[in-house]
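Welcome! Please take a moment with the sequence and the 3D view below, and then we will walk through the structure together.

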Amino acid sequence: VTASDSILSLAEALNAPVFSTVAGKGVLDERHRLAVGCRVHCPAGLELLQRSDALLLLGTQLSPTDWWTDPVASEVALPRAPETFVAHVDLDPKSLEGSDQANGLAIEADCEDACQILLSEIGSVKADSWDGDPAGIVQQVIADADSVSALASNLGQPEAEVKFMQSALFSLRMALPPDAISAFDMCRPGYAALSLFPTYATRTFIHPVGFGTLGFALPVAIGAAEALPRQPVMAVLGDGGFQFTLPELAVACERKLPLLLVVWNDRSFGEIRRQLPDDFSTSLPLPDFGHLARAYNLPYFRCPDTKSLDLALTSTSVKQLLDGSGGPCMIEIDRSGYWCDSP
């Protein structure tokens, strides 16, 4: 994450599309013309990898969770054509051991140093990759990966729910300052946010990829807000995960932290319920989140649709939070009817 500037320079020198893993979101500003973002788990993204003549892997372990593969394994073969040349750079030799990811070169080095060496070798030569239009390729991959039908298939969600997630995440992203920190829990909107919530700087997107730690987002967001005074922070949790660490909310209230708490309430452990044939052990009794917010003296907004979400995000209390001068607020995105509408 400290090699962001050098990675940007190298990407522009190579004129090559750049993917990020979940942990690498924001290393390259996702508004950049070469940024594919975190879409290595999308069929359109995997197809682009397989079309590539060469791949440069910088500081990544390529976790199974980045490819969304089903087998549990310490190493997952890189989805690529057999003839694709791969150079894998990592400071940790363990990341380079015993895998076929580096079908070419395994380089034990710091990414910053490796990028600078490569830049010095490239010099002023401008690569003419992807028929001279890598940005066009990037835009096509993003369009294909983020289409409603592709997302519905990849996320296992009905198209109507995908459209709602797209709109809700877009509203949240547009409301937050570019450098705001966002912590997403293990929940349905968290998985969608990997590709649908663009990140503009390093260390501003936090997600416990691979760890499965429900409730993670709230204490992490509180820690970020304490470490960076007046920096607005958002935590997005499902209604089930929120109850794992709910008491930590007292700290945010006591410290009057600029924390936007977004609770996605589908009245269940939604991602688990989606994958089971019935709702055994996935539906759960819930507190009234409005009463809970009032108990903590928090401004509270219940949002059953994107119109009400947009109104909440432009309210005085949330606007003060987002400029760093206000205290915590709670937004409940009420998706309690989701299971009735799902096939």
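## A partly exposed aspartate

Let us start with a single residue. Asp92 counts as partly exposed because its relative accessibility is 31%; here buried means under 20% relative accessible area, exposed over 50%, and partly exposed in between, with a 1.4 Å probe and protein chains only. Asp92 belongs to the loop between β4 and β5 (104-108). Gln61 is 31 residues away from Asp92 in sequence, and their C-alpha atoms are 9.2 Å apart in space.

## What you are looking at

This is a predicted model, in which local features need pLDDT of at least 70 and side-chain atom pairs count only at pLDDT 80 or more, while totals for chains, interfaces and linings use all residues. Residues are numbered from 1 along each chain as its sequence is written, and side-chain values use heavy atoms, with hydrogens and water left out.

The protein chain holds 16 helices and eleven strands; these are DSSP runs numbered from the N terminus, with helices being H or I of at least four residues and strands E of at least two. Of the 343 residues in the protein chain, 52% are buried. Among contacts with a separation of 6 or more, 67% are between residues 24 or more positions apart, where contact means heavy atoms within 4.5 Å.

## The three-stranded sheet

One open sheet has three strands in the order β3-β4-β5, with parallel pairing; two strands pair if DSSP finds at least two bridges between them. At its edges are β3 and β5, each pairing on one side only. From one strand to the next, the twist averages 10°; angles run from 0 to 180 degrees between N-to-C directions, and axes are lines fitted to C-alpha atoms, for helices over the stretch in contact.

Strand β3 (residues 54-58) is joined to β4 (residues 85-90) by five bridges, and Leu56 stands opposite Ala87 in β4. The pairing of β4 with β5 also runs over five bridges, with Val86 opposite Gly104 in β5. Which side chains of β3 are buried? Leu55 and Leu57 are, and they point to one face, while Ala54, Leu56 and Leu58 point to the other and are not buried.

## The six-stranded sheet

A second stop is the open sheet of six strands, whose order is β7-β6-β8-β9-β11-β10, with parallel pairing. Its edge strands are β7 and β10 (300-303), each of which pairs on one side only. Two bridges join β6 to β7, and Ser182 has Phe205 in β7 as its bridge partner.

Helices pack on this sheet too. Helix α8 touches β6, β7, β8 (233-238) and β9 (259-265), and its direction makes about 130° with that of β6. Helix α14 (residues 306-313) touches β9, β10 and β11 (329-334), with its direction at about 160° to that of β10.

## Aromatic rings and charges

There are five aromatic pairs in the count. Rings of Phe, Tyr and Trp (its six-membered ring) pair if their centres lie within 6.5 Å, and planes under 30 degrees apart count as stacked, over 60 as edge-to-face and the rest as tilted. Phe184 and Phe197 form an edge-to-face pair, 5.1 Å centre to centre with 65° between the planes. This pair links distant parts of the chain, 13 residues apart: Phe184 is in strand β6 (residues 181-184) and Phe197 in the loop between α8 (188-196) and β7 (205-206). Phe184 counts as buried because its relative accessibility is 0%, and Phe197 counts as buried because its value is 1%. Phe197 also forms a tilted pair with Phe205, 6.5 Å centre to centre and 40° between the planes. Ring pairs thus link Phe184, Phe197 and Phe205 into a cluster.

Charges also sit over rings, meaning that NZ of Lys or CZ of Arg is within 6 Å of the ring centre and within 35 degrees of the ring normal. Arg31 lies over the face of Tyr200, 3.8 Å from the ring centre. Over the ring of Phe164 sits the charged end of Arg335, 3.8 Å from the centre.

## Helix α5 and its surroundings

The axes of helix α2 (residues 43-51) and α5 come within 8 Å and cross at roughly 145°. Ala44, Gly45, Leu48 and Arg51 in α2 meet Ile137, Val141, Asp144 and Ala145 in α5.

Asp146 lies in the loop between α5 (134-145) and α6 (148-155). Asp146 counts as buried because its relative accessibility is 15%. Beyond neighbours within four places in sequence, Asp146 is in contact with Arg39, Leu151, Gln166, Ser195 and Leu196.
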